[in-house]
Amino acid sequence: AFKIPFATSGSTGIPLSFFLDKNMSTRRLAIYRRTLNWAGKSKDDLVIRLFRRELPGVEPEGILFPCNGPEDLDAKVDQLLGLLTEKVILHGQTSVLIRLAQLLEKNRKKIKLRALINASETLHTEARLYLEKAFETQVFDYYGSNELPQIAQECEFRNGLHVNNEWVYLEIVDDDGRTVAPGKVGNIVVTFFENEIMPFIKYQTGDRGRF
């Protein structure tokens with residue numbers, strides 16, 4: 001009764017099937033609302049998530065616009081555009097957000113949004129600048145995965161990501177598992193506190209980063 005079946009896409013290796021704990025939903029929603037507040041959300045703004053499926057636990061905050069990737073957006077763009085206003089925060093993969101900007105540019109349309117939140121893919125400086133110009137807004141970076149949601153996000157200063165330490169314990173280690181010095185790049189290893197039904201302990205994400 002407490003299990004939510006989920007799976008990774010396998011983009012960085014072998015796909016993994018796992019369970020998320022329904023009991024974590026309240027805290028996840030609270031942390032998600034922190035992310036939205038840092039992105040400038042007001043009570044009248046609408047959050048639209050562009051993902052394959054809904055993110056468990058955040059359903060009370062905004063809506064899901066199902067999108068299976070940049071190519072899928074081509075057929076749905078008119079439907080999505082009907083929802084976009086200055087009071088919308090758009091949350092999705094970098095490649096999907098870029099594709100939306102390209103389609104607007106192609107059709108010579110201009111839409112200003114409250115904010116954009118990147119997810120799932122690396123947000124390079126060039127992509128951030130392009131999206132901010134296209135939507136006349138700010139882009140906020142967000143780090144997480146299907147199995148380890150909501151690890152870290154940018155605040156309003158957008159000068160690095162804040163780890164949600166009450167939710168996860170994040171380490172950066174070398175190839176032998178030893179903690180690296182601050183500022184040095186290493187492998188990101190995460191322990192996820194809340195997923196009691198299937199704990200992730202010192203889970204190697206396959207990503208690299210630095211404090």
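A residue counts as buried when its relative accessible area is under 20%. Phe18 has 3%, so Phe18 is buried. The model described here is predicted.

## The chain as a whole

The protein chain has four helices and 13 strands. Its C-alpha atoms fill a box of roughly 50 × 45 × 35 Å along the principal axes. How does the radius of gyration of the protein chain agree with that of a compact globule? For 211 residues, a compact globule would be near 17 Å, and the protein chain has 17 Å, so the two agree.

Buried residues account for 46% of the 211 residues. The accessible surface comes to about 11400 Å², and carbon and sulfur atoms hold 50% of that surface. Contacts also reach along the sequence. Among those between residues at least 6 apart, 53% join residues at least 24 apart.

## Aromatic rings

Four aromatic pairs occur in the structure. One of them joins Phe6 and Phe18. Their ring centres lie 6.0 Å apart, and the planes meet at 45°. This pair is tilted, because its angle falls between the 30 degrees below which planes count as stacked and the 60 above which they count as edge-to-face.

The pair links distant parts of the chain. Phe6 sits in strand E1 (residues 3–7) and Phe18 in strand E2 (residues 17–21), 12 residues apart. Is Phe6 buried or exposed? Phe6 has 7% relative accessibility, so Phe6 counts as buried. Phe18 is buried too, at 3%. Ring pairs tie Phe6, Phe18, Phe200 and Tyr203 into a cluster.

Charged side chains also lie over ring faces. Lys3 is placed over the face of Phe19, 4.6 Å from the ring centre. Arg158 is placed over the face of Phe140, 5.8 Å from the ring centre.

## Helix H4 and its two sides

Helix H4 spans residues 125–135. Its buried residues are Ala127, Arg128, Leu131, Glu132, Ala134 and Phe135. Why do they lie on the same side of H4? They cover an arc of only 165° around the axis, and therefore share one side of the helix.

What do these buried residues pack against? Their partners are helix H3 (94–106), strand E6 (115–119), strand E7 (138–140) and strand E9 (152–154). The face turned away from the buried side carries Thr125, Glu126, Leu129 and Lys133, which are exposed.

Glu136 comes just after H4. It belongs to the loop between H4 and E7.

## Phe51 and His91

Phe51 lies in the loop between strand E3 (46–50) and strand E4 (63–64). Its relative accessibility is 9%, so Phe51 counts as buried. Beyond its neighbours within four places in sequence, Phe51 is in contact with residues including Leu64, Phe65, Pro66, Cys67 and His91. Gly92, Gln93, Ala119 and Ser120 are also among the contacts of Phe51. Tyr169 lies 118 residues from Phe51 in sequence, and their C-alpha atoms are 26 Å apart in space.

His91 belongs to strand E5 (residues 88–93). Its relative accessible area is 0%, so His91 is buried. Residues up to four places away aside, His91 touches several residues, among them Tyr32, Ile48, Arg49, Leu50 and Phe51. The contacts of His91 also include Leu55, Ile117, Asn118, Ala119 and Tyr142. Phe51 and His91 thus appear in each other's lists, and Ala119 appears in both.

## Positive phi values

Which residues other than glycine take a positive phi? Two examples are Glu136 and Gln150. The table gives their values.

| Residue | Phi | Relative accessible area |
|---|---|---|
| Glu136 | about 50° | 42%, partly exposed |
| Gln150 | near 55° | 0%, buried |

Gln150 lies in the loop between strand E8 (142–143) and E9. At 0% relative accessibility, Gln150 falls under the 20% limit and so counts as buried. Glu136 has a relative accessible area of 42%, so Glu136 is partly exposed.

Terms used
Residues numbered from 1 in each chain as written. Predicted model: local features only at pLDDT ≥ 70, side-chain atom pairs only at ≥ 80, totals over all residues. Heavy atoms only, no water. Phe/Tyr/Trp six-rings, centres within 6.5 Å; stacked < 30°, edge-to-face > 60°. Buried < 20%, exposed > 50% of the residue type's maximum accessible area, 1.4 Å probe, protein only. Lys NZ or Arg CZ within 6 Å of the ring centre and 35° of its normal. Rg over C-alpha atoms; globule rule 2.2 N^0.38 Å. Contact = heavy atoms within 4.5 Å. Areas by Shrake-Rupley, 256 points an atom, 1.4 Å probe, with all protein chains shown as cover. Arc of directions from axis to C-beta.
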